[in-house]
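Grab a coffee and work through a few exercises on the model below. Try each task yourself before you read its solution.

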Amino acid sequence: MSAAGTRLAELCRAAREGDTKMLLAQVPYARYLGVRMQVSAGTPRFSLPFTAHLVGNPALPAVHGGVVAAFMENAALLHLLLMLPAGRMPRSVDFSIDYLRSARTETLYAGCEVTRLGRRVAQVQIRCTQVAQGADEAADAGFSPAATPDGAAETGDDRLVALARAHFLLAEPE
Amino acid sequence: MNPSPDFLRSLTERFPQVIPHVRALGIELQRADAEAAQARLPPRPEFVGDPERGLLHTGVITTLIDSVSGVAVFARLGAPEAIVTLDLRVDYLRASPADSALICRAVCYRLTPHIAFVRARVWQRHEDEPVAESLSTFMRAGAGRGPLERRR
């Protein structure tokens, strides 16, 4: 395996064990957006805290639709990376998103499911949600279950913002 | 409806002023009229997706497409109106080197009372070697409202 591949594999291993910062640092665009990642019981969950540079429509206000899509693409890529043994970035083939609700200027959450994992091609489905109403307690409190009043607020599953699917081409094993 | 030159000029000027994320990324609108919208996005280190191969993150391309596709709808509408993206799909045709600008042209090829249909193409070196192709649909949410409408 190349030096870069070995490093990526090490970062993935660390992320699987809960230390995701270094892996996120490997994807500059994820860092620019402010994507956060938490792995618990082997399952990654993603969040995107709101910052002013993410706004699309200041009149509503709403997060830019491209940011929602990019956040979900990042989630899919990072989720897939965590599942693959080889240390090379999968390459995006296509991406398709349905926007269900405008994304409020609050934290976005995403979770993924790998619905197809072949030798060459993977398909990932992504759900993007926000907390249903009121103050964004889940973002302030982080992901800690103890700090949020109920399970729904912790995961932000209440309000489905968008659904997406992505195909990736998997690198040849080295 | 043929958009007035004033409306198109206002659209082009106000696009980066009014949409914070467009301003943050540095998207430069080059053209907006009833036939097409086109924009250029100069490269930045923070747009990298794959540092090993030196490639742009596809999310940047998607954001550029969503933005320019929206402008194409506005320009075709010719008057302020709120629009909402319904769906967007992108095919990534070629690897995009991170050191080269992206150009996106979007065409609103069909407009109905409720829906706008857009196709877009993104390239770097040459239009005949696109890095991405896209189709999207937008819902028209009502005349006289929209982020780019000049406030009176």
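A salt bridge here is a side-chain nitrogen of Lys or Arg within 4 Å of a carboxyl oxygen of Asp or Glu. Keep in mind that this is a predicted model.

**Exercise 1. Find the salt bridge that crosses from chain A to chain B, and say what network its partners belong to.**

Step 1: Count first. Across the interface of chain A and chain B, the rule finds 1 salt bridge.

Step 2: Name the pair. B:Arg89 forms a salt bridge with A:Asp94, with 3.7 Å between the closest N and O atoms. The cut-off is 4 Å, so the pair qualifies.

Step 3: Set this against the whole structure, which holds 12 salt bridges over all chains. One of those found inside chain B pairs B:Arg125 with B:Glu129, the closest N and O atoms being 2.7 Å apart. B:Arg125 counts as exposed because its relative accessibility is 70%, while B:Glu129, at 29%, is partly exposed.

Step 4: Look for shared partners. Salt bridges link A:Asp94, B:Arg89 and B:Asp91 into one network.

**Exercise 2. Which parts of chain B does the pair B:Arg40 and B:Glu28 tie together?**

Step 1: Check the contact. The two side chains meet in a salt bridge, 3.2 Å from N to O.

Step 2: Place the partners. B:Arg40 is in strand β2 (residues 37–41) of chain B and B:Glu28 in strand β1 (residues 28–32) of chain B, so the bridge ties together parts that are 12 residues apart in sequence.

Step 3: Check the surroundings. B:Arg40 has 29% relative accessibility, so it counts as partly exposed; B:Glu28, at 35%, is partly exposed too.

Step 4: Try another pair. B:Arg53 and B:Asp50 form a salt bridge with 2.7 Å between the closest N and O atoms. B:Arg53 is partly exposed at 23%, but B:Asp50 counts as buried at 7%.

**Exercise 3. Describe the contact between chain A and chain B: how much area is buried, and which residues of chain A lose the most?**

Step 1: Start with area. Chain A and chain B bury about 2,800 Å² between them, and 53% of it is on carbon and sulfur atoms.

Step 2: Pick out the top residues. In chain A, the most area is lost to chain B by A:Tyr29, A:Tyr32 and A:Tyr99, together 21% of what that side buries.

Step 3: Count participants. Chain A puts 38 residues into the contact and chain B puts in 36 residues. Between the chains there are 17 residue pairs in polar contact.

Step 4: Sort the chain A side by element. At least two residues each come from α3 (28–33), β3 (55–57), α4 and β5 (91–99) of chain A. The largest share, 9 residues, belongs to β5(A).

Step 5: Sort that side by residue type. The split is 21 nonpolar, 11 polar and 6 charged.

**Exercise 4. Where does the largest nonpolar core draw its largest share of residues from?**

Step 1: Get the headline. The largest nonpolar core has 94 residues, and A:Leu23, A:Val68, A:Ile97 and A:Ile126 have the most contacts inside it.

Step 2: Find the main contributor. Helix α4 (residues 65–83) of chain A gives the largest share of this core, 13 residues.

Step 3: Zoom in on one hub. Beyond its neighbours within four places in sequence, A:Ile126 is in contact with residues including A:Met72, A:Ala75, A:Phe95 and A:Leu163.

Step 4: Recall the general trend. In soluble globular proteins, nonpolar side chains tend to be buried together.

**Exercise 5. Is A:Cys128 buried or exposed, and what does it touch?**

Step 1: Locate A:Cys128 in strand β7 (residues 121–130) of chain A.

Step 2: Read its accessibility. A:Cys128 has 0%, so it counts as buried.

Step 3: List contacts. Leaving aside neighbours within four places in sequence, its partners include A:Val68, A:Phe71, A:Leu108 and A:Val161.

Step 4: Check a distance. The C-alpha atoms of A:Cys128 and A:Ala69 are separated by 9.2 Å, with the two residues 59 residues apart along the chain.

Step 5: Put this in context. Buried residues make up 51% of the 174 residues in chain A, a chain with 6 helices and 8 strands.

Conventions: Residues are numbered from 1 along each chain as its sequence is written. Chains are lettered from A and ligands numbered from 1 in the order in which they are written. This is a predicted model: local features need pLDDT of at least 70, side-chain atom pairs count only at pLDDT 80 or more; totals for chains, interfaces and linings use all residues. Side-chain values use heavy atoms; hydrogens and water are left out. A nonpolar core is a set of buried Ala, Val, Leu, Ile, Met, Phe, Trp, Tyr and Cys residues joined through side-chain atoms within 4.5 Å. Buried means under 20% relative accessible area, exposed over 50%, partly exposed in between (1.4 Å probe, protein chains only). Helices (H or I, at least four residues) and strands (E, at least two) are DSSP runs, numbered from the N terminus. Contact means heavy atoms within 4.5 Å. Buried area is the accessible area (1.4 Å probe) that two parts lose on being put together, summed over both. A polar contact is a pair of N or O atoms within 3.5 Å; within protein, one must be able to donate a hydrogen and the other to accept it, and residues adjacent in sequence count only if both atoms are side-chain atoms. Ala, Val, Leu, Ile, Met, Phe, Trp, Tyr, Cys and Pro count as nonpolar, Asp, Glu, Lys and Arg as charged, and the others, Gly among them, as polar.
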